[in-house]
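User: I am new to reading protein models. Can you walk me through the empty spaces and the ligand site?

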Amino acid sequence: MESTMMSVPLSLDTLLERSGRLFPESEIVSRLPDKSLRRHTYAQYYRRTRALAAALKKLGLRKGDRVATLCWNHHAHLECYFGIPAAGGVMHTLNLRLSPDEIGWIAHHGKDRFLIVDDILLPLYQQFARHHAFERVIVFSFSGDKVEVREGDPHAGEPAVDDYELLLEQAPEHFEYVEHDENDPIAMCYTSGTTGRPKGVAYSHRSTVIHSLVQVMPDCMALSGHDVVMPVTPMFHANSWGVPYSAVMVGANFVFPGPHLHPEDLLDLMQAEPPTLSLGVPTIWLSLIQLYEANPGKWTLPAGMRSLVGGAAVPEALIRQFAAHGMSIAQGWGMTETSPLATLFFEKQDLIGKLNEDQWFARRATAGVPVPLVQLRILDDDGHECAWDNKEVGELQVRGPYITGAYHEVEPDPEKFTADGWLRTGDVAAIDKDGYVRIADRTKDLIKSGGEWISSVDLENAIMAHPAVAEAAVIAVAHPKWTERPLACVVLKPGATLESEALRAFIAPKFARWQLPDAIEFIDAIPRTSTGKFWKLKLRELYADWAWKSE
Ligand code: ADP
């Protein structure tokens, strides 16, 4: 017997069509370089996005061609998210925080044909232009300045320069979506490649539509057309966690911070355009809440705001601080390879009313439960599946319809994918009897001391619970006797004082003695990665020559 269902391919185009028709008045607010706000309705968004697709087709974009973007978070970047695939192209977001050489390498490896770039990022483009010859550079006047249009010279490797707004104005009125299979690619992102070269992940219509449907579920992000979403997560990092797609699907309103990501700017924006849902890595919210608390009465935080926080371990202290100000944090875990949402906290019905306050916050500090369609297993060193007891730790592996099964144009690597079809995440985790996942560490950040493992994440969590501590990162430093020992790098809040011994005594009740850091270094700032996370690799380099007093 066969099913009687239509075999209609899953398609981003249907999401755009629906939201353009159903939610013409939903709003997209973007912060411009001069800090003023620009507003667009979905009616305008829909028209402009289709115009972009029509313009790209007119310029000769073929199915599967890559169009790179080098842009901050704003309405035009959102137009690219749907407009490039609507023209049959593949959007390739370039991470503007990488070094120019890396960006150039990635654009070249992706064989990007066109580039859409914010005018204020043209100086950055100039720095990597020699690594890759784009055919066309389409400049979006984010600053409002005039764009100088130029013919290209293919022989001299000079790309044509177009004005984004002019292209949209002159786009053919008639536009038809490009036919596609649901498995055709629509976007690609490169992982930041902390080891080896960055690797490309290519998302499909199918993976993106399914990820969007899962994301908006009430027991997931509960994202609806009533929401005002503020994606602080860059649109060049794992597709801003997929929210541009899912929020457009449900007609949600957007507030985009543009290039202004300092805590003060974000607080100003949240006051002017209060979001109901925000997204970002923990470091963003750590600095924001500290600034807010240091300036009583200066800002009003949006009461009831939900925040999806992930990309790195979320300290329990941060979740408590948010709660004290009437906002909630749900921690998620994911990777560029997983579209990215793979686990997310939500309060399962059978836990309601059963946890005391401390247990409740401890549960909230987990990475949550696997979201629908994501299969997850944790394997110990012998390849046996760990029990769901929150004690056994092992390598977290995942599979599912929006998890990558390979890297773009890279030979299959058994270090990354198992023979039976699972992605090896490189994260070490445990899972409890209720299915809540605790990420203990990245494999490379675990501290191996005398044959035992110490979780840097657990130590950081405990240290950041101290009221004088602003930020902390714990790293492994080579030790002649114990192989490695933990060293804690701690940033104090402005004006605060704290002695190493007092801090050690504060965290001591939570750990065995041998797990406590042997040294605590008070520093001014913890270096950040290109995606805004604590850059432990850099710290390890800085402390590579550390001499232990006890040696
Ligand atoms: P990058 O390597 O630039 O950080 P990704 O954003 O793809 O690229 O990072 C994915 C990694 O981020 C995961 O493998 C994991 O180590 C870390 N991560 C993501 N979410 C969490 C979380 N909630 N807790 C701890 N680590 C996390």
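User: By class, how many residues in the lining of the second largest cavity are nonpolar, polar and charged?

Analyst: Keep in mind that this model is predicted. Start with the general idea. Rolling a probe the size of a water molecule over the atoms shows where empty space is left. Now the case here. The lining of the second largest cavity has five nonpolar residues, two polar ones and no charged ones.

User: Which residues line the second largest cavity?

Analyst: Find W72 and N73 in the sequence, then V232, P234 and F236, and last G258 and L261. The volume they line is about 30 Å³.

User: How many cavities of 30 Å³ or more does the structure hold?

Analyst: There are two. The largest has a volume of about 50 Å³.

User: What lines the largest cavity?

Analyst: Look for Y203, S207, T208, H211, N239, G242, Y245 and S339. Next, ask which element gives the most. For this cavity, that is helix α7, residues 205-216, with three lining residues.

User: And how does the lining of the largest cavity divide by class?

Analyst: Two residues are nonpolar and six are polar. None is charged.

User: Now the ligand. Which residues come nearest to the ligand?

Analyst: Begin with the shell, meaning residues with a heavy atom within 4 Å of the ligand. Here, 16 residues are around the ligand, and S192, H237, D427, R442 and K533 come nearest. Sort the shell by class too: it has five nonpolar, eight polar and three charged residues.

User: Which N or O atoms of the protein should I check against the ligand's own atoms?

Analyst: For a polar contact, look for a pair of N or O atoms within 3.5 Å. Try three residues. At A313, a backbone N or O atom lies 3.3 Å from a nitrogen atom of the ligand. At Q331, an N or O atom in the side chain is 2.8 Å from a ligand nitrogen atom. At T336, a backbone N or O atom lies 2.8 Å from an oxygen atom of the ligand.

User: How much of the ligand's accessible area does the protein cover?

Analyst: Take the area that the ligand has on its own, 570 Å². The protein covers 91% of that.

User: Which elements give two or more residues to the shell around the ligand?

Analyst: Two strands to find: β14 at 328-334 and β20 at 437-442. Strand β14 gives the most, with four residues.

Methods. Residues are numbered from 1 along each chain as its sequence is written. This is a predicted model: local features need pLDDT of at least 70, side-chain atom pairs count only at pLDDT 80 or more; totals for chains, interfaces and linings use all residues. Side-chain values use heavy atoms; hydrogens and water are left out. A polar contact is a pair of N or O atoms within 3.5 Å; within protein, one must be able to donate a hydrogen and the other to accept it, and residues adjacent in sequence count only if both atoms are side-chain atoms. Accessible areas come from the Shrake-Rupley method with a 1.4 Å probe; for residues, only the protein chains shown count as cover. Ala, Val, Leu, Ile, Met, Phe, Trp, Tyr, Cys and Pro count as nonpolar, Asp, Glu, Lys and Arg as charged, and the others, Gly among them, as polar. On a 1 Å grid over the protein atoms alone, a cavity is a set of points where a 1.4 Å probe fits but cannot get out, and a pocket is an open set with protein on both sides within 12 Å along at least five of seven lines; lining residues have an atom within 4 Å of a point. Grid points are joined across faces, edges and corners, and a volume is the space filled by probe spheres set on the points.
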